[in-house]
Amino acid sequence: MKAIVDHFPIGKYIEHTKISGGKTSDTYLIKTDIGKFVLQQLNEIYNESMIRDHIELYFLISDKIKIPECVNTRENKYLLNYEGKFYRVMKHIESDENPILNNKKIKNMSEVIMKFHNLTENITKLRYNGLKIHDRSRIKNKLISIKEEYKKTEKWKIYEDIYDYLFSEIQKYKLPSEKQLIHGDMKFNNFLFKKDKVVGLVDIASLMIRSKYYDIGDFLRNISNADGLFDIKKFNYGLKCFEDINYGFAIYATKLIGLELCSRYLIDIFELKHFKFDNKKFKDLEESNSASLKRHLKFYMTMNEMLPN
């Protein structure tokens, strides 16, 4: 880790702590002799254009919504390519550790989301277009191609019923055609708090041009997920916190995000290349993907029963 940190002008390395390990990227808190910084190891799909989008967003909104400030390498590059892996560094935003979700936080997060969308509503183009998520048509086409490639295999027989269900359900929901810059990953863990007030919005690695309802739906799905079961009280409270939105589209987006997650795990059961897995919990990536698929499918089906179309 020290060798990586030495490539950035952030002082002398002292220690590091892993603060999150996502399905695609890992994040570390770095302590040096001049302060604290956040180092992120990025998935190989990212490139410097993504960091440039982050920097431009920082200058656009940071006086109204605090997002991490990027730190270039000593060679003044946005990303460090070290032994075939990509890293970036950001200044650390002080916040409470292990915040607990409550209605005050839900209200404050919804206000930040609305403010974010108001600030970015006229941005309809980005440098980086590498992310292929939150795209209903692409998911449908990918499901079709997976079926064509694997339908004669033994593995397909195991998941065929789930495939048929997902493919049927995902065609039920369509969002407005209006698109703008969205965050792309509006979940509780990406908000920083002091007490119940949001003091930062992080994980600026999923910026994309999509309907704002993808952000709203992802947020509502996340806060209403109670250990894999749908918490309708939290969902309804979160929904009512938003002003001037179409509640029908918000419900559609929440369901669509749930179906997208199920579909992505189903696809990776066959492709085995998109996600990482915890080898202490699972013997391989297929087992990990299968467990994630079952968990998200259970949540979607519970939600679908309680939120009829």
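A cavity is a set of grid points inside the protein where a 1.4 Å probe fits but cannot get out. With that in mind, let us walk through this predicted model and begin with its empty space. The structure holds 1 cavity of 30 Å³ or more, and the volume of the largest cavity is about 30 Å³. Which residues line the largest cavity? Its lining is made of M50, D53, L126, Y128, A205, S206 and L207. By character, this lining divides into 5 nonpolar residues, 1 polar and 1 charged.

Keep S206 and L207 in view, and move on to H183. Among the residues that H183 touches are S206 and L207, which also help to line the largest cavity. You will find H183 in the loop between β7 (180-182) and β8 (191-194). Is H183 buried or exposed? H183 counts as buried because its relative accessibility is 0%. Its other contacts, leaving aside residues up to four places away in sequence, are F116, N190, L201, V202, D203, I204 and D215.

Our next stop is R136, in helix α4, which covers residues 136-150. R136 has a relative accessible area of 17%; buried means under 20%, so R136 is buried. What does R136 touch, not counting residues up to four places away in sequence? The list is I170, Q171, Y173, K174, Y214 and L256. With Y173 there is a further detail to look for: the side chain of R136 reaches the backbone oxygen of Y173 at 2.5 Å. R136 also lets you compare sequence with space. R136 and E260 are 124 residues apart in sequence, yet their C-alpha atoms are 7.7 Å apart.

Finally, turn to helix α7, residues 232-240. At the start of α7, a side-chain oxygen of D231 reaches to within 3.1 Å of the backbone nitrogen of K233. Within the helix, F235, G238 and L239 are buried. Why do these three lie on the same side of α7? They do so because they cover an arc of only 100° around the axis. What does this buried side pack against? The partners of the buried residues are α3 (103-120), α6 (212-223), β12 (229-230) and α8 (247-271). Now rotate the view to the face turned away from the buried side, and you will meet the exposed residues K233 and K240. K233 therefore appears twice in this story: as an exposed residue on that face, and as the residue whose backbone nitrogen D231 reaches at the start of α7.

Terms used. Residues numbered from 1 in each chain as written. Predicted model: local features only at pLDDT ≥ 70, side-chain atom pairs only at ≥ 80, totals over all residues. Heavy atoms only, no water. Helix = DSSP H or I, 4+ residues; strand = E, 2+ residues; numbered from the N terminus. Buried < 20%, exposed > 50% of the residue type's maximum accessible area, 1.4 Å probe, protein only. Contact = heavy atoms within 4.5 Å. Polar contact = N/O pair within 3.5 Å; in protein donor to acceptor, adjacent residues only side chain to side chain. Arc of directions from axis to C-beta. 1 Å grid on protein atoms, 1.4 Å probe; cavity = no way out; pocket = protein on both sides within 12 Å on 5 of 7 lines; lining within 4 Å. Points joined across faces, edges and corners; volume = space filled by probe spheres on them. Nonpolar A, V, L, I, M, F, W, Y, C, P; charged D, E, K, R; others polar.
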